[in-house]
Amino acid sequence: MAATKASKEQKYDRQLRLWGDHGQESLENAHVCLINATATGTEILKNLVLPGIGAFTIVDGHTVTGEDVGNNFFLSQESIGKNRGQAATELLQELNSDVSGNFVEEMPDKLLDSDPEFFHRFSAVIGVHLPESTCLRLGSVLWSASVPFLICKTYGLIGYMRLVVQEHTVIESHPDNSLEDLRLDRPFLELSSHIHSYNLDSMNKKDHSHTPWIIIFAKYLDKWLNELKQQPPKNYREKEAFRKFIREGILKNENGVPEDEENFEEAIKNVNTAVNPTKIPGAVTDLFNHEQCNHITHETPSFWVMLRAVKEFVSNEGRGSLPVRGTIPDMIADSQKFVSLQNVYRTKAMEDAEAVCKHVESLLQSVGKPVDSIPEKDIRLFCKNAAFLRVVRCRSLVEEYSVDTVNRDEITSCMDNPDSEMVFYLMLRAVDRFYQQHSRYPGVYNYQVEDDISKLKVCVTSLLQEFNLNVNIKDDYIHEFCRYGAAEPHTVAAFLGGSAAQEAIKVISHQFVPFNNTFIYNAMSQASATFQL
């Protein structure tokens, strides 16, 4: 067992650094459904199979053609005439023996007719190159079952993704450039005691130059507040004065020249961030005020129960602050001083998490659930990430496609620039309309291109009129989409496959924040954009 774990750690080393053992476990317990093993579909699965998704099922009623083999690395010449899902499954499974692959030889519409609950079993469903009518049907089934649905399409040089999920909670959002949780403006009792145990004036040169910068900063902030100001430095002038104040504390040699004390330089460098007030982020305050946080029932998901417990902690033990995160950055200090300071924060974080655990137990008892139904390790992880919690709520496809609830403002404001990526969204909607009317895509054969330009233009005009969109789409885009002929160039499919797999992993692991809700990739200009539609 230990050998298996070690080999798995070696195999997945790089990604474990990204999402940890618990993220990998979520991935290995997931079962993803892919509809249509096109070039884009197999690229998505490739990027899920390699990191070790638990299982995948391909739903595809198509037979492999020469055209499929021409742009899909997971189909070979021997695949021609076979079911496309079966052929792709066989080759995809060769990538990772840990992954279980299945296929269903059926069109999604037939499955929706005969067994719509078939799709309820999956962690996420990814639909590739589906007609609008199928997307709407499947979207409604998955929406009611709270199964995440990711729609993907590569159309010529345009990539499109749409995430459809009622509510997606994120505990580990991994924000870029997040500030450390040091509490230097509001030190807790144990931190204050630890800071006061240092006497910079009586230290020898070695200890003075190896005292953690957090201690130095706190000492001089305390002096600043008592002797000079009464409040922390706020503006540029005050911060510069505070930097100078710290610099004066650097030891000087017998010639009056300042010694080279890097720990003091670290304290000076961190003035901007370390004086930031300790406060609850606005996004977390908004979650505290949400109905699901304030109305806990037997059916309430664990995320909201833990959030309510943290809210109660803030009002009581936390005295207006979130649980201490319990980590400090690397810094110049001797090992003993660093570990001692680290333990102060770590111990406080454990105490705060313990207090939150008690609130969770109380809440679970109040709604008649076992007190151990939320594991303690989950609560500790929640507390550590309490400042970075996020909830993503997408609009349903029905809302997006309905004349009464279409996001007209977003579309119109983006189309103030007629070359915005929004134009590709409108063109894809017009192409879907063309498919509904003609049961084929425009310009699939060369002889059709000229005739289809006028037909697609009619579809564009009717779309804009139906949704009361007062925008202009250049004829160049209509011509271009007819020339695409619904082609799926592998380079674009590969890019979209990587992007879609990344979003699927975010949804499965509940780590990092997925886009909300529409993503467009323009391979002509190498540009992309997200829209809330």
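This tour moves through a predicted model of a protein chain, one selection at a time.

**The whole chain**

Begin with the entire chain displayed as a cartoon. The protein chain has 533 residues, and buried residues make up 51% of them. Its secondary structure comes to 24 helices and 10 strands. Along the principal axes, the C-alpha trace spans about 90 × 55 × 45 Å. If the surface is switched on, the accessible area comes to about 25300 Å², with 48% of it belonging to carbon and sulfur atoms. Among contacts with a separation of 6 or more, 69% are between residues 24 or more positions apart.

**The nonpolar cores**

Next, select Phe119, Val125, Leu426, Leu456 and Phe481. These residues touch the most other members of the largest nonpolar core, which has 59 residues. Helix 21, residues 422–438, gives the most to this core, with 10 residues.

Which residues does leucine 456 touch, not counting residues up to four places away in sequence? Select Leu456 together with Met427, Ala430, Val431, Phe434, Pro442, Ile478, Phe481 and Cys482 to display these contacts.

Then move to Trp19, Phe74, Ala501 and Ala504. They are included in a second, separate core of 41 residues.

**Aromatic pairs**

Now show the aromatic side chains. The count comes to 21 aromatic pairs in this model. A pair of aromatic rings is described by the distance of the centres and the angle of the planes.

Select tyrosine 220 and phenylalanine 264. Their ring centres are 6.2 Å apart and their planes stand at 75 degrees; an angle over 60 degrees counts as edge-to-face, so this pair is edge-to-face. Tyrosine 220 belongs to helix 10 (residues 213–228) and phenylalanine 264 to helix 12 (residues 262–269), so the pair ties together parts that are 44 residues apart in sequence. Are these two residues buried or exposed? Tyrosine 220 has a relative accessible area of 8% and phenylalanine 264 one of 0%; buried means under 20%, so both residues are buried.

Continue to phenylalanine 303 and phenylalanine 382. Here the ring centres are 5.4 Å apart and the planes are at 75 degrees, so this pair is also edge-to-face. Phenylalanine 303 lies in helix 16 (residues 302–315) and phenylalanine 382 in helix 18 (residues 376–384), so parts 79 residues apart in sequence are tied together. Both phenylalanine 303 and phenylalanine 382 are buried.

For a cluster, select Tyr155, Phe424, Tyr435, Tyr441, Tyr477, Phe481 and Tyr484, which are linked by ring pairs. Phe481 was selected earlier, as one of the residues that touch the most other members of the largest nonpolar core.

A further kind of ring arrangement appears at arginine 429 and tyrosine 401. The charged end of arginine 429 sits over the ring of tyrosine 401, 4.0 Å from the ring centre.

**Helix 24 and the loop after it**

Select helix 24, residues 490–509. At 1.5 Å a residue, its 20 residues should span 28 Å, and the end C-alpha atoms are 28 Å apart, which agrees. Of the 20 residues in helix 24, 14 are buried, and the helix is mostly covered.

Step forward along the chain. Just after helix 24, histidine 510 takes a positive phi of about 55 degrees. Phenylalanine 512, in the loop between helix 24 and strand 9, has a phi near 65 degrees, a positive value in a residue other than glycine. Phenylalanine 512 counts as partly exposed, at 23% relative accessibility. Asparagine 517 lies in the loop between helix 24 and strand 9 (518–522). What kind of peptide bond joins asparagine 516 and asparagine 517? The bond is cis, with omega about 0 degrees.

**Two further loops**

Select arginine 319, in the loop between helix 16 and helix 17 (335–366). Although arginine 319 is not a glycine, its phi is positive, about 50 degrees. This residue is exposed, with a relative accessible area of 72%.

Finish at proline 232, in the loop between helix 10 and helix 11 (236–247). Proline 232 is partly exposed, with a relative accessible area of 24%. Leaving aside neighbours within four places in sequence, proline 232 is in contact with Leu221, Trp224, Leu225 and Glu238. A distance drawn from proline 232 to proline 329, C-alpha to C-alpha, comes to 22 Å, for two residues 97 apart in sequence.

Notes: Residues numbered from 1 in each chain as written. Predicted model: local features only at pLDDT ≥ 70, side-chain atom pairs only at ≥ 80, totals over all residues. Heavy atoms only, no water. Phe/Tyr/Trp six-rings, centres within 6.5 Å; stacked < 30°, edge-to-face > 60°. Helix = DSSP H or I, 4+ residues; strand = E, 2+ residues; numbered from the N terminus. Buried < 20%, exposed > 50% of the residue type's maximum accessible area, 1.4 Å probe, protein only. Lys NZ or Arg CZ within 6 Å of the ring centre and 35° of its normal. Contact = heavy atoms within 4.5 Å. Expected span 1.5 Å × (residues − 1). Core = buried A, V, L, I, M, F, W, Y, C linked by side-chain atoms within 4.5 Å. Areas by Shrake-Rupley, 256 points an atom, 1.4 Å probe, with all protein chains shown as cover.
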